[in-house]
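Me: Can you take me through one part of this model up close, and then show how that part ties in with what surrounds it? A connected walk-through would suit me better than a list.

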Amino acid sequence: MAINKIERVLRDQVTQLTQKLSKITQAEEIYPLRSLYTGKESELQKALGLLKDLPKEERPTAGSLINATKRELEQAISEKLTKLLSEELAAQDAVRDIDVTAPFHVNMPDVPKLPRVGSLHPLQHEINRMLTIFTTMGFTPFEGREVDSDYYVFDSLNMPKEHPARQNWDTFRTEDNLIPTPHTSNMQVRVMRKMKTAPLRAVIYGRVSRNEAIDAVHGHTFYQIEGLYIDKGVSISNMIATINAFVEAFFGRKVTGKVQPGYFPFVEPGIEYMGQCPFCEGAGCGSCKHTGWLELVGAGMIHPSVLREGGFDPAVYSGFAWGLGLDRMVMQRNGIQDIRSLFSSDIRFLSSAV
Ligand SMILES: [Zn+2]
């Protein structure tokens, strides 16, 4: 093929492409044209293949003609493509109803939604609420220890070795004879020695372990919150009033309380505080197991030997301590039937329980 024929073919290609591009209105229609006019099977590529058959002196001219045509074709395609894409974007923007106050995904329905943001565990949420109630009442929060020695778990709490009450806290032992704490009272003497002076107001929260078979209302691991109040002239009525104020703040309504004797070796006397069920007002419902009453708090006046162990003279000071099982109160407040749900990883339960 002579050089002038090649030139005609190439000019013809540019004309054809220009005509076709002028009729196109959608960006996606351009892509087949690009392959047709610049791809492997295009007239442009065929012309390149013919170069070797031309006389030597004509080859540079023909080569630069082919390259110039290639640039011209590519530029025509890319200009048209840019124009159509920007028109399409502008059209989308024009119909999109943007609400600048709405979350991102409302304005951008085509963009995948953001992953769910996590929330506090229901137990942590309740711990925070309880601590807020107690700190508002002037109590200083302390976090418990998950393992401790015989001394703090039993001896310091008026339970020397062989004391029968130790059996009430049937628990585990680690290989080096530490105890996963069965109650948060192991912190009592520690807190007394740390705070040193009266009036002493402390609230202790933590995870505790018991050697229990697991069922819907018992777990081997659960949470307790415990309080201590020591000063001169503290009485049982101070204790009951404090517990009642807390219980009413926790349930967010008036609660009628009653006390009955209870035994804990580190208090004397010991009581159990029952609250009339705030959900059925004593009539009986699922939350109170149809008894009309909720067993809420174990409490008592701190035993003189525990006060002495913590550095307070029982002839001068008195005080009270109370403790409660957090999980049970959370279950009661939220109508949760099975304690095991609190330790499951079911996100539907965890995000809806509180
Ligand atoms: Zn009830």
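**A helix and its sheet**

Reply: Let's begin at G335, which comes after helix α11 and has a positive phi, near 65°. Bear in mind throughout that this is a predicted model.

Now step back into α11 itself, residues 326-334. Is this helix enclosed or open? It's largely enclosed by the rest of the structure, because 7 of its 9 residues are buried. The buried ones are L326, D327, M329, V330, M331, Q332 and R333, and the cut-off for that label is 20 or more other C-beta atoms within 10 Å. The cover over these residues includes two helices, α6 (122-136) and α9 (236-251), along with strands β5 (221-231), β8 and β9. As for how it sits, α11 lies across β5, β8 and β9, and its direction makes an angle of about 60° with β9.

Those strands belong to an open sheet of 7 strands with mixed pairing, in the order β1-β4-β5-β9-β8-β7-β6. Its edges are β1 (140-143) and β6, and since each has a single partner strand, one side of each is left without a neighbour in the sheet. On average, neighbouring strands are turned by 25° against each other, ignoring direction. Another helix, α8 (residues 188-195), lies across β1, β4 (200-209), β5 and β9, running at about 145° to β4.

Let's work along the sheet from the β6 edge. β6 (residues 257-261) and β7 (residues 267-276) are antiparallel and joined by 5 bridges, with 5 residues between them in a hairpin. One pair there is V259 with Y273 of β7. Next, β7 pairs with β8 (residues 293-302), again in the antiparallel sense, over 8 bridges; here M274 stands opposite E295 of β8. β8 then pairs with β9 over 4 bridges, also antiparallel, and W322 in β9 is the bridge partner of A299.

A299 deserves a pause. Setting aside neighbours within four places in sequence, A299 is in contact with M239, I243, I271, Y273, F320, A321 and W322. So Y273, the bridge partner of V259, turns up again among the contacts of A299. A299 is also one of the best-connected members of the largest nonpolar core, which has 57 residues: together with I243, L296, I302 and F320, it touches the most other members. β8 supplies the largest share of this core, 6 residues. As a general point, nonpolar side chains tend to be buried together in soluble globular proteins. There's a second, separate core too, with 9 residues, among them L10, L33, Y37 and L73.

For contrast with the buried stretch of α11, look at A315, in the loop between α10 (304-309) and β9 (318-325). A315 counts as exposed because it has 9 C-beta neighbours inside 10 Å. Even so, K232, 83 residues away in sequence, sits 9.4 Å from A315 in space, C-alpha to C-alpha.

Finally, zoom out. The protein is divided into domain 1 (3-107) and domain 2 (122-352), and the centres of the two, taken over C-alpha atoms, are separated by 78 Å.

Definitions and conventions. Residues numbered from 1 in each chain as written. Predicted model: local features only at pLDDT ≥ 70, side-chain atom pairs only at ≥ 80, totals over all residues. Pairing = 2+ DSSP bridges. Buried ≥ 20, exposed ≤ 12 C-beta atoms within 10 Å, placed from the backbone. Contact = placed C-beta atoms within 7 Å. Domains from an automatic or database assignment. Core = buried A, V, L, I, M, F, W, Y, C linked by C-beta atoms within 7 Å. Axes fitted to C-alpha atoms, helices over the stretch in contact; angles between N-to-C directions.
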